Every structure is written in structure tokens, then in C-alpha cells.
Amino acid sequence: MIAISCGADVQGKFDEGFLFLHNMEYSRARTVFEDIAKTHPKCAMVYWGVAMTYFQPIWPGEPTADAIHAGQAAVASA
């Protein structure tokens with residue numbers, strides 16, 4: 001668990017997204033983080049989570065230009 005300061009009501013969902021991220025289920029993690037962002041748009045850690053779903057370091061190759069752009073956009077939102 002990563003403690004976040006976005007509210008106790010968000011912690012459980014954030015943990016779920018983080019678990020998906022940790023298990024390399026990037027699409028599922030992104031969905032969870034984006035859903036949280038809809039109701040908590042000022043929660044910077046959620047945008048960190050979204051950005052991290054675009055960086056998949058154990059898979060061969062590098063992030064695509066679209067993935068880099070999407071990750072940068074998420075970070076800018078934070």
C-alpha cells in the first residue's frame with residue numbers, strides 16, 4: 001500500500017490500481033486510476049498511476065511516442 005492524501009474514500013481504489021500496476025495489468029490499472037481522477041481530479045498520485053501504466057520496463061522495446069505523450073499528459077495533470 002502507498003498512503004495517499006487524497007482522502008480515505010480513495011485509498012482502497014488507489015490500492016487496487018496499484019496492485020494491478022504491480023502485476024503488470026496496465027490497462028486495468030489505468031482504468032482504475034482514470035476512474036478515481038474523475039471524482040478526485042486534484043489527486044496527483046492518481047495521475048502518477050496513469051503515467052506509470054504507459055511505462056512498461058520489463059517488456060521488450062521502448063514506449064511508443066503515443067505512450068510517452070499520454071504519460072506526459074498525465075504527469076502535467078498532476
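Select Met 24 to begin: at 35% relative accessibility, this residue counts as partly exposed. Met 24 sits in the loop between H1 and H2. Keep in mind as you go that you are looking at a predicted model. Now check the backbone here: Met 24 has a positive phi of about 60 degrees, although it is not a glycine. For context, most residues other than glycine have a negative phi.

**Next stop: H1 against H2**

From the loop, colour the two helices on either side, H1 (residues 8-22) and H2 (26-39). How do they run relative to each other? Their axes cross at roughly 160 degrees and come within 7 Å. With over 145 degrees as the cut-off, H1 and H2 are therefore roughly antiparallel to each other. The crossing of H1 past H2 is left-handed.

Show side chains to see who meets whom. On the H1 side, pick Val 10, Lys 13, Phe 14, Glu 16, Gly 17, Phe 18, Phe 20 and Leu 21; on the H2 side, pick Tyr 26, Arg 28, Ala 29, Val 32, Phe 33 and Ile 36. Sorted by class, this contact has 10 nonpolar, 1 polar and 3 charged residues.

**Then: H1 against H3**

Keep H1 in view and add H3 (residues 44-53). This pair packs at an angle of about 20 degrees, with the axes 11 Å apart. That angle makes H1 roughly parallel to H3, and their crossing is left-handed.

Which residues make the contact? From H1, select Phe 14, Phe 18 and Leu 21; from H3, select Met 45, Val 46, Trp 48, Met 52 and Thr 53. You will recognise Phe 14, Phe 18 and Leu 21 from the previous stop, where they meet residues of H2. By class, the contact of H1 with H3 has 7 nonpolar, 1 polar and no charged residues.

**Last stop: the disulfide**

How many disulfides does the structure hold? There is 1. Select Cys 6 and Cys 43, which form it with their sulfur atoms 1.9 Å apart. Measure the torsion about the S-S bond in your viewer: the value is about 85 degrees, so the disulfide is right-handed.

Zoom out a little to place the two ends. Cys 6 lies in the segment before H1 and Cys 43 in the loop between H2 and H3, so the pair ties together parts that are 37 residues apart in sequence. Finally, turn on the surface at Cys 43: is this residue buried or exposed? Cys 43 is buried, with a relative accessible area of 2%.

Definitions and conventions:
Residues numbered from 1 in each chain as written. Predicted model: local features only at pLDDT ≥ 70, side-chain atom pairs only at ≥ 80, totals over all residues. Heavy atoms only, no water. Axes fitted to C-alpha atoms, helices over the stretch in contact; angles between N-to-C directions. Helix = DSSP H or I, 4+ residues; strand = E, 2+ residues; numbered from the N terminus. Parallel < 35°, antiparallel > 145°, perpendicular 65-115°, else oblique. Left-handed = near helix turned anticlockwise from the far one by under 90°. Contact = heavy atoms within 4.5 Å. Nonpolar A, V, L, I, M, F, W, Y, C, P; charged D, E, K, R; others polar. Disulfide = S-S within 2.5 Å. Buried < 20%, exposed > 50% of the residue type's maximum accessible area, 1.4 Å probe, protein only.
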